[in-house]
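Colleague: Hi! Could you pull up the model so we can chat it through?

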4 protein chains.
Amino acid sequence: MAAGTGHRRGSDTKAEIRSVAMELFTEKGYEATSLREIAERLGVTKAALYYHFTSKEDIVVSLFAEHLATFDELIAWARTQTPGPQLLTQAIDRMIDMASERGSRMVRFALANQRVIKDLHPGHQSVHERMNTLFEALTGPGASVEEALRIRMALLSVNFTYFAAQGLDASDAEVTAAARSIAHLLNPVTAEASAAAAPVTPPVAEAPAVG
Amino acid sequence: MAAGTGHRRGSDTKAEIRSVAMELFTEKGYEATSLREIAERLGVTKAALYYHFTSKEDIVVSLFAEHLATFDELIAWARTQTPGPQLLTQAIDRMIDMASERGSRMVRFALANQRVIKDLHPGHQSVHERMNTLFEALTGPGASVEEALRIRMALLSVNFTYFAAQGLDASDAEVTAAARSIAHLLNPVTAEASAAAAPVTPPVAEAPAVG
Amino acid sequence: MAAGTGHRRGSDTKAEIRSVAMELFTEKGYEATSLREIAERLGVTKAALYYHFTSKEDIVVSLFAEHLATFDELIAWARTQTPGPQLLTQAIDRMIDMASERGSRMVRFALANQRVIKDLHPGHQSVHERMNTLFEALTGPGASVEEALRIRMALLSVNFTYFAAQGLDASDAEVTAAARSIAHLLNPVTAEASAAAAPVTPPVAEAPAVG
Amino acid sequence: MAAGTGHRRGSDTKAEIRSVAMELFTEKGYEATSLREIAERLGVTKAALYYHFTSKEDIVVSLFAEHLATFDELIAWARTQTPGPQLLTQAIDRMIDMASERGSRMVRFALANQRVIKDLHPGHQSVHERMNTLFEALTGPGASVEEALRIRMALLSVNFTYFAAQGLDASDAEVTAAARSIAHLLNPVTAEASAAAAPVTPPVAEAPAVG
DNA sequence: CATGAATGAGCTTTCATTCAT
DNA sequence: AATGAATGAAAGCTCATTCAT
């Protein structure tokens with residue numbers, strides 16, 4: 001029969017929730033993070049979270065949505081292009097750009113929460129289905145298993161490189177740069193050309209002809 | 001009342017628990033798998049699990065232990081070797097061999113449970129610490145960030161390639177083979193040599209002499 | 001900015017709340033109906049409900065009040081009458097009339113929410129106390145348990161008949177008519193007289209003389 | 001990391017849970033009774049309830065099941081009989097017998113929890129469907145609405161009479177007896193015969209001829 | 001070698017209610 | 001006349017863990 005005090009904080013609680021959730025989900029994982037923890041860190045009650053989000057899952061969906069939008073654009077763009085060697089190279093670069101623009105936050109988040117993300121179906125399509133759509137748009141029909149895997153690895157290289165960089169003293173920029181050069185090493189198209197020349201530095205410059 | 005074990009399950013309940021846990025931890029993750037589930041699948045009570053393991057964590061430790069042993073051997077071996085280009089190449093091959101021998105089970109398990117594994121400290125050293133030990137043994141002191149990352153990516157390529165292969169119709173052998181060729185592509189040492197030659201097919205055969 | 005109410009809903013939000021609450025309380029019961037639901041159906045916030053009512057209970061009190069008023073009139077009237085056979089017969093008819101005038105809405109509502117209603121004490125007297133007051137006014141002091149129960153059943157027959165009619169394809173008018181005839185069958189006074197005559201069809205018409 | 005004491009109470013906790021739940025569900029209703037309350041009354045934790053029942057609903061199902069079994073027998077029996085005037089009379093008596101055997105507990109319970117009971121579908125059929133099955137077995141195809149309702153009311157008379165008896169100082173036996181006589185008054189078959197005779201006293205004895 | 005019975009802590013979620021604006 | 005933002009309490013439920021038998 002008694003109840004709370006209502007309204008208090010002036011600014012943007014919803015944004016703060018997202019921010020704290022992002023941090024905790026990345027640090028400890030979605031499943032291991034409780035709503036109590038998020039609320040406590042914010043000096044708010046659990047019920048307040050439910051004013052802004054309909055469920056715990058809703059928070060994670062909301063966090064992932066912005067990333068997904070950019071990703072969906074990439075897919076849409078890829079579909080409009082005519083398949084060919086250049087497309088793949090461009091797609092890889094776009095993928096890395098996506099990550100470097102938003103900084104490493106989202107990559108780390110996605111890495112730490114694959115499982116939940118795998119279960120989400122925002123916009124009637126799972127992330128895996130989208131991924132496969134992209135792969136298919138880039139991979140010709142007659143690709144070998146190895147070729148297909150190299151393309152996949154190239155596209156996912158940012159994620160993996162960030163994972164591998166754990167414990168290494170390197171800036172986000174350095175990691176992203178390494179991811180880019182790795183991606184192009186894996187790219188079956190550029191690999192042959194650039195291989196003989198500059199294996200370590202990113203093949204940003206013109207590809208020198210091979211003897 | 002007659003002679004015999006007096007219990008219905010033949011012998012190796014402990015092994016069965018490990019087997020079921022392996023399956024479920026890989027499928028749904030450690031945190032999302034409850035002891036109830038494991039027990040139910042085995043037709044045993046939860047309490048029975050506590051006869052064989054002291055805690056839930058104990059199960060995961062036990063599962064990871066065998067993998068860790070092989071890995072520790074790899075580290076020990078690497079430390080005895082004199083650093084140099086060949087060491088790295090051999091280490092990569094050993095790493096892939098480890099995975100292909102045990103089959104993909106352990107790789108998938110480790111992939112699905114990085115977080116718990118990260119928190120384990122079996123033998124007074126975390127997996128990450130061991131990983132870094134290995135990296136340091138293989139990477140010379142003056143290595144650039146990019147070089148370091150390529151080495152790490154090369155060593156972890158089996159894991160990542162299995163991840164990337166999700167949704168692709170490929171056998172374990174095919175994935176492992178692709179991982180091997182990817183690893184060697186990333187290897188700063190072999191990359192220069194093999195690049196001009198056989199970028200796609202695995203360099204299993206003898207290394208062609210370099211001009 | 002122009003003249004007018006300045007708000008979108010014409011006027012009688014309070015009435016709309018009552019109407020929606022009536023519907024939901026009847027359909028799902030008081031306890032199982034949340035204020036959120038009521039508010040949502042109305043396109044209003046929960047807080048708005050508190051502008052018009054002081055509590056959830058206040059809503060149910062308000063809904064039941066109109067029914068109670070009519071009922072209190074019946075009690076008051078009964079008390080002014082001299083006890084006797086005719087009084088009971090008239091009281092039963094008034095009881096049924098009450099229901100048929102307001103339609104079945106209130107009967108169904110009361111049926112679905114006995115428990116809350118039992119806990120209400122509007123006007124310093126619970127519904128049960130009022131009921132007993134009425135029963136006492138109608139039942140002579142020397143009545144047997146069975147006689148008392150038949151009178152009670154007769155007075156409550158509308159409610160019970162509506163309950164029993166669930167799943168039967170019958171109009172409100174038909175149910176009310178059946179309730180009336182059942183009530184009079186149970187009435188110890190009229191029973192003897194009408195019994196020999198028209199047991200099934202309602203004794204709406206004049207009672208044909210017996211023998 | 002700390003945990004409970006395990007095993008303590010020697011006897012039949014499950015039965016005690018059922019007993020306490022029966023009491024509370026009847027007194028305050030299913031929805032208004034919390035598992036915490038049940039547990040507290042028993043000096044047990046909520047989790048203990050979940051050892052014995054899979055859910056709150058499971059408790060109510062379990063409580064209602066015994067009643068339902070008897071009821072299903074009645075339906076099964078009714079279906080084997082050839083329809084006719086006697087069948088109805090016998091069915092009514094069986095219905096009342098059911099209640100008087102088990103005492104009033106179940107009747108009061110059912111009365112207080114219609115809503116939950118309505119939502120249960122034990123054995124792939126709701127209580128309402130069963131009720132209708134019985135009604136159809138007893139009511140001829142050409143029955144009028146009023147006739148149908150009188151039969152229904154007759155069969156449900158125990159329930160309703162117990163409800164009506166609230167606040168009246170009467171023993172279970174007296175209430176049951178009254179319910180029986182009321183049921184037979186409503187029975188279209190016996191009504192005609194007994195009407196002329198003994199409307200108030202139960203028609204168990206022979207009907208004395210009227211002057 | 002294993003079960004039966006239980007615990008305590010915690011989880012996600014919902015509810016009625018409040019109050020400054 | 002009504003909303004936006006929040007609260008405190010409680011609900012149903014699950015989990016890892018314990019221990020006498």
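**Chat about the model**

Modeller: Sure, starting with chain A: residues 34-53 have their end C-alpha atoms 14 Å apart, and the span is 75% helix and 0% strand (helices are DSSP runs of H or I, at least four residues, and strands of E, at least two, numbered from the N terminus). This is a predicted model, where local features need pLDDT of at least 70, side-chain atom pairs count only at pLDDT 80 or more, and totals for chains, interfaces and linings use all residues. Residues are numbered from 1 along each chain as written, chains are lettered from A and ligands numbered from 1 in written order, and side-chain values use heavy atoms, without hydrogens or water.

Colleague: What does UniProt list for residues 34-53 of chain A?

Modeller: An unreviewed UniProt entry lists them as "DNA-binding region"; such annotations may be inferred rather than shown by experiment.

Colleague: New topic: how many residues of chain B are in contact with chain A?

Modeller: 44 residues of chain B contact 46 of chain A, with contact meaning heavy atoms within 4.5 Å.

Colleague: And what area is buried between chain B and chain A?

Modeller: About 3,800 Å², of which carbon and sulfur atoms give 67%; that is accessible area (1.4 Å probe) lost on putting the two parts together, summed over both. In chain B, B:R115, B:E146 and B:L149 lose the most area to chain A, together 15% of what that side buries.

Colleague: How many salt bridges between chain B and chain A?

Modeller: Zero, counting a Lys or Arg side-chain nitrogen within 4 Å of an Asp or Glu carboxyl oxygen.

Colleague: Which element gives the largest share of chain B's side?

Modeller: α9(B), with 13 residues.
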